[in-house]
Amino acid sequence: MSASGGTKAIVAALGANLAIAVAKFVAFLFSGSSSMLAESVHSLADSGNQGLLLLGGKRAKREATPQHPFGYGRERYIYAFLVSIVLFSVGGMFAVYEGYEKIKHPHEIEAWYWPVGVLVFAIIAEGISFRTAIKESNALRGALSWKEFIRRAKAPELPVVLLEDLGALIGLVLALAGVGLALGTGNGIWDGIGTLCIGVLLILIAVVLAAETKSLLLGEAAGVEEVEKIKAALVDGDVVTGIIHMRTLHLGPEELLVAAKIAVEHDDTAVEVANAINAAEARIREAVPIARVIYLEPDIYSESAAAAGTNPGKTSGGQDAATPGAVMSDTATPDTAH
């Protein structure tokens, strides 16, 4: 996921939410609608969330330091997780509280044309923002379904904006329904019910965002396609004859760490192994450009170990090689890291 694509969607959402937040709050002042108050807080929280995403993207571009040798790419995940907390606490919990209070103490909506007009304007503005996010996402998701795209995306910005905009559109429809029913029946309790539904919706979206960004914060491996490309690039069939195990880790949305133990023959010289590792690194970076940090450890192929069917080189949490029979011995082998 490109940073520029995510930024474009974030800026579009930020502009829409700021305008909508002001309009909703003005409508609340004239009408006293709790749905409008909840929606204005929702839009204000969304604006703050987009600010957090922009800040995270900027801070993630800082150069690596001795204290943080792998850089700051994961800051984008941290700020995306903060978005879920803000959406849950400021947006969701406030709306639930406001809806509960309005159900307990309902009152008629005054100057109904204010909330109705603002909600129609907000639906149009959010629709434009949502369309921008969909357009940016379609360029990246390929054949993935929307659910798979949100779950597999390594860059958090577009999934966050997509879910926020979707939640905003549904929330606006709920607010419009609550206001409409309150006006039609003359019972302000419907306004409170609409507000309560908005709060529950925001909490559910916040939980989904928190779960996805938590997985990214813990550290996710490369996608299946990237892993297969890396495996194919590693083995040259000459010096590098197989893969014992391999691990990948996203250091950020656009930076991947690759660590692998590779098979070499016992009669290969140190120079041949070093050249083969350099060539393998070049092939990996060509196949998967985001693979920027690569560590390769050579190991001597053992026919006796292969015949015995053991794999001493396998370690807990490692990935088995796709190459059959690549079974190695761990004794007296040099390590080479690049």
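How many cavities of 30 Å³ or more does the count come to? I looked this up before anything else, keeping in mind that the model is predicted, and the count comes to one cavity of 30 Å³ or more.

**Entry: the cavity**

I noted a volume of about 110 Å³ for the largest cavity. Its lining is made up of 13 residues, and Ile150, Pro159, Glu212, Thr213 and Leu216 are the ones that lie nearest the centre of the cavity. I then asked which helices supply the lining, and found that H5, helix H6 (157–185) and helix H7 (189–218) each give at least two residues to it. H7 gives the most to this lining, with four residues. Sorting the lining of the largest cavity by class, I wrote down nine nonpolar residues, one polar residue and three charged residues.

**Entry: the helices beside the cavity**

Since H6 and H7 both supply residues to the lining of the cavity, I next looked up how these two helices pack. Their axes are 7 Å apart, and H6 and H7 pack at an angle of about 170°. Angles over 145 degrees count as roughly antiparallel, and H6 and H7 are therefore roughly antiparallel to each other. The residues of the contact of H6 with H7 divide into 16 nonpolar, five polar and one charged.

I followed H7 to another partner, helix H3 (residues 75–104), and found that the axes of H3 and H7 come within 7 Å and cross at roughly 160°. That angle makes H3 roughly antiparallel to H7. The crossing of H3 and H7 is left-handed, and the contact of H3 with H7 has, by class, 25 nonpolar, eight polar and four charged residues.

**Entry: the pocket**

I turned from the cavity to the pockets, and for the largest pocket I noted a volume of about 750 Å³. Which residues lie nearest the centre of the largest pocket? I found Leu140, Leu144, Arg152, Glu225 and Glu226 there, among the 24 residues that line the pocket. Helix H4 (113–141), helix H5 (146–152) and helix H8 (224–234) each supply at least two residues of this lining, and H5 is thus a name I had already written down for the lining of the largest cavity. H8 gives the most to the lining of the largest pocket, with four residues. By class, I recorded 14 nonpolar, three polar and seven charged residues in the lining of the largest pocket.

**Entry: the helix that gives the most to the pocket**

Because H8 gives the most to the lining of the pocket, I looked up how H8 packs against helix H9 (residues 270–287). The two helices pack at an angle of about 150°, and their axes are 8 Å apart. This angle makes H8 roughly antiparallel to H9, and the crossing of H8 and H9 is right-handed. On the side of H8 the contact is made by Lys229, Ile230, Ala233 and Leu234, and on the side of H9 by Ala280, Arg283, Ile284 and Ala287. I closed the entry with the classes of the residues in the contact of H8 with H9, which divide into six nonpolar, no polar and two charged.

Note on methods: Residues numbered from 1 in each chain as written. Predicted model: local features only at pLDDT ≥ 70, side-chain atom pairs only at ≥ 80, totals over all residues. Heavy atoms only, no water. 1 Å grid on protein atoms, 1.4 Å probe; cavity = no way out; pocket = protein on both sides within 12 Å on 5 of 7 lines; lining within 4 Å. Points joined across faces, edges and corners; volume = space filled by probe spheres on them. Nonpolar A, V, L, I, M, F, W, Y, C, P; charged D, E, K, R; others polar. Axes fitted to C-alpha atoms, helices over the stretch in contact; angles between N-to-C directions. Parallel < 35°, antiparallel > 145°, perpendicular 65-115°, else oblique. Left-handed = near helix turned anticlockwise from the far one by under 90°. Contact = heavy atoms within 4.5 Å.
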